[in-house]
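I opened this entry to keep a record of what I looked up, beginning with confidence and going on to the helices and strands.

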Amino acid sequence: SEILDHMERGDVVTHCFNKLSHKLFDDSGVPLKEVVEAKERGVLFDAGHGTSSFSFEVARKAIKSGFKPDLIGTDIYSWNYNGPVYNLATTMSKLIAAGMSLEECIDRVTFIPSKVFDLNDFGTIEVGKPANLSILRLENKNSTFVDSMNIEFTADKIIKMDYTVCNGVLYSVRRYADSIGNKNQIM
């Protein structure tokens, strides 16, 4: 509460679905009063998966109570790309399993961040702008995931990434996944 009281419109709280001592929700997933007030002031909340800061249980309960993150980030770095984070598609899959729609997830990794961070050439597909996009597919497939608390959960959908386009150049993610031996999480 001491930090949230000083945050203003456009400030971002990341790792919002953590189960650490500085949690933002009560045990049933209802946001604390300070969180509601901050959100009303325009403070943004990022899922920010991370190594130790994403609890599926917290995310599921918060989303069920009506609280959805404004942004979806991975906080990915060398210690968590082999688990529990893996990649953005996996993080999106976890949030779909927690109760968000595919459309809500896509908005929170594309359009909304581009507006929040004033990245006008990103988040949309328009003639004359650089082509930066991902080609994903949603599979109806039972999958097992793990959160940052090392708790496993299953989902009936998974997002898989096939290709990415960066500055107009097409890259095969499958070929890259094969080369690093991380087929199961990227593909």
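**Confidence.** I began with the scores, since this is a predicted model: the chain averages a pLDDT of 88, and 93% of the residues score at least 70. I then looked for the extremes and found the lowest confidence in helix α7 (residues 183-186), with a mean of 46, and the highest in strand β2 (residues 44-45), at 98. Over residues 179-187 the pLDDT is below 50, although this stretch has 23 contacts in the model beyond near neighbours in sequence. I keep in mind that predicted coordinates should not be read in detail where pLDDT is low.

**Helices α2 and α3.** For packed helices I noted the angle and the distance between the axes, as these describe such a pair. The axes of α2 (residues 56-64) and α3 come within 8 Å and cross at roughly 50°, which makes α2 oblique to α3, since the angle lies between the under 35 degrees that counts as roughly parallel and the 65 to 115 that counts as roughly perpendicular. I recorded the crossing of α2 and α3 as right-handed. On the α2 side I listed F56, A59, R60 and I63, which meet K94, L95, A97 and A98 of α3. Sorted by class, this contact has six nonpolar and two charged residues, and no polar ones.

**Helices α3 and α4.** I next followed α3 (residues 88-98) to α4 (residues 102-109), where the axes come within 9 Å and cross at roughly 140°. That angle makes α3 oblique to α4, because only angles over 145 count as roughly antiparallel. This crossing of α3 and α4 is right-handed. L88, M92, L95 and I96 of α3 make the contact with L102, C105, I106 and V109 of α4. By class I noted eight nonpolar residues in the contact of α3 with α4, with no polar and no charged ones. L95 is listed in the contact with α2 and again in the contact with α4.

**Strands β3, β4 and β5.** I turned to the strands and found β3 (residues 133-146) paired with β4 (residues 152-166) in the antiparallel sense over 12 bridges. V146 stands opposite E152 of β4. The two strands form a hairpin with five residues between them, and I noted N150 in the turn for its positive phi of about 65°. Going on from β4, I found four bridges to β5 (residues 169-172), again in an antiparallel arrangement, with C166 and V169 as bridge partners. β4 and β5 also form a hairpin, here with two residues between them, and N167 in the turn has a positive phi of about 50°.

How values were computed:
Residues numbered from 1 in each chain as written. Predicted model: local features only at pLDDT ≥ 70, side-chain atom pairs only at ≥ 80, totals over all residues. Heavy atoms only, no water. Axes fitted to C-alpha atoms, helices over the stretch in contact; angles between N-to-C directions. Left-handed = near helix turned anticlockwise from the far one by under 90°. Contact = heavy atoms within 4.5 Å. Nonpolar A, V, L, I, M, F, W, Y, C, P; charged D, E, K, R; others polar. pLDDT = per-residue confidence, 0-100. Pairing = 2+ DSSP bridges.
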